[in-house]
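Please look through the fold shown here step by step, beginning with how its strands are joined and ending with the space left open at its surface.

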Amino acid sequence: MGKGDRAKSAREKIEQQRAADRVRERRKKLVTYVTAGVVALAAVGAGWWYAASRSQSEQAGEALAPITVQPDGAVVMAKEGVERPVVDVYEDYQCPACRELERVSGPTLKNLAAEGLAKVVFHPITIFSQEPTKSNSVRAGAAARCVTEGAKWMTYHDLLFENQPSEAGEGFKPDDLVAWGKDAGITDPAFAECVTSQKYAQAQLAYSQKIGDEQKIEGTPTIKVNGTAIDNGVAFTPQELRRTVTEAAK
């Protein structure tokens, strides 16, 4: 092998090594990103998926309990005079486990409130700290704050979960958030401007920080009954969730 061939071979080996290093770095970044992206999901524990997969959801009744949007962003669903038990639902519109909780146990929460068996309080927060999931969550949470009519808020809430984007890219884009508002029956002319300007983005972040600190929320979804967090196996099993809430009323 001549000097030129040896030099060429050395360059090829160096380039192959660099290519291998780039592949390893990309894999490392991917693992880091995926791990960060599912923090809120992992926080609820491995048991939720098993519980959800074995659960039989209730059929939500046609009539909902009155729904009131609070000034701080919380939303109360309860019949008049019902104060206990209080079921607090801490959720993030970008959180996949929250979407599954809504699918599996959402009807039970609606029914318990409609039957006068519980006061259900929703707390839409932003749990993610990494991008793009954080911004996705903030846009959705801020948009939901633009809805002041209770029944339409619930419809919009459900639509946000139904249209939850992937954690891998930008989602909950302003145009989509406005369009889903129309689907929810929102006719307020100020809604679109409220959404596109992200009027309540800072309020969403501040509320999330406040709730996270005060309630020691480490992941979403979290359900508390009379201030005590319940096991995710219970939260994702409608029959057990109903039993837990009704027993708390005794």
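In this predicted model, strand β3, which covers residues 86-91, and strand β5, which covers residues 222-225, run antiparallel and are joined by four bridges. One residue pair lets you place this pairing on the structure, since Tyr-90 has Thr-222 in β5 as its bridge partner. Against the sheet packs helix α9, which touches β3, β4 (119-124) and β5, and the direction of α9 makes about 120° with that of β4.

The two paired strands belong to a wider arrangement, an open sheet of six strands that follow the order β1-β2-β4-β3-β5-β6 with mixed pairing. Because β1 (67-69) and β6 (228-229) stand at the edges and have a single partner strand each, one side of each is left without a neighbour in the sheet.

Helix α9 appears again when we turn to the largest pocket, where α9 (residues 201-215) gives the most to the lining, with five residues. The space in this pocket comes to about 200 Å³, and among the residues that line it are Phe-128, Lys-134, Leu-205, Asp-213 and Ile-217. Sorted by character, the lining holds five nonpolar, five polar and two charged residues.

Stepping back to the whole chain, its secondary structure consists of eleven helices and six strands, and 46% of its 250 residues count as buried. Among the contacts in the chain with a separation of 6 or more, 79% are between residues 24 or more positions apart.

Notes
Residues are numbered from 1 along each chain as its sequence is written. This is a predicted model: local features need pLDDT of at least 70, side-chain atom pairs count only at pLDDT 80 or more; totals for chains, interfaces and linings use all residues. Side-chain values use heavy atoms; hydrogens and water are left out. On a 1 Å grid over the protein atoms alone, a cavity is a set of points where a 1.4 Å probe fits but cannot get out, and a pocket is an open set with protein on both sides within 12 Å along at least five of seven lines; lining residues have an atom within 4 Å of a point. Grid points are joined across faces, edges and corners, and a volume is the space filled by probe spheres set on the points. Ala, Val, Leu, Ile, Met, Phe, Trp, Tyr, Cys and Pro count as nonpolar, Asp, Glu, Lys and Arg as charged, and the others, Gly among them, as polar. Two strands pair if DSSP finds at least two bridges between them. Contact means heavy atoms within 4.5 Å. Axes are lines fitted to C-alpha atoms, for helices over the stretch in contact, and angles run from 0 to 180 degrees between N-to-C directions. Buried means under 20% relative accessible area, exposed over 50%, partly exposed in between (1.4 Å probe, protein chains only).
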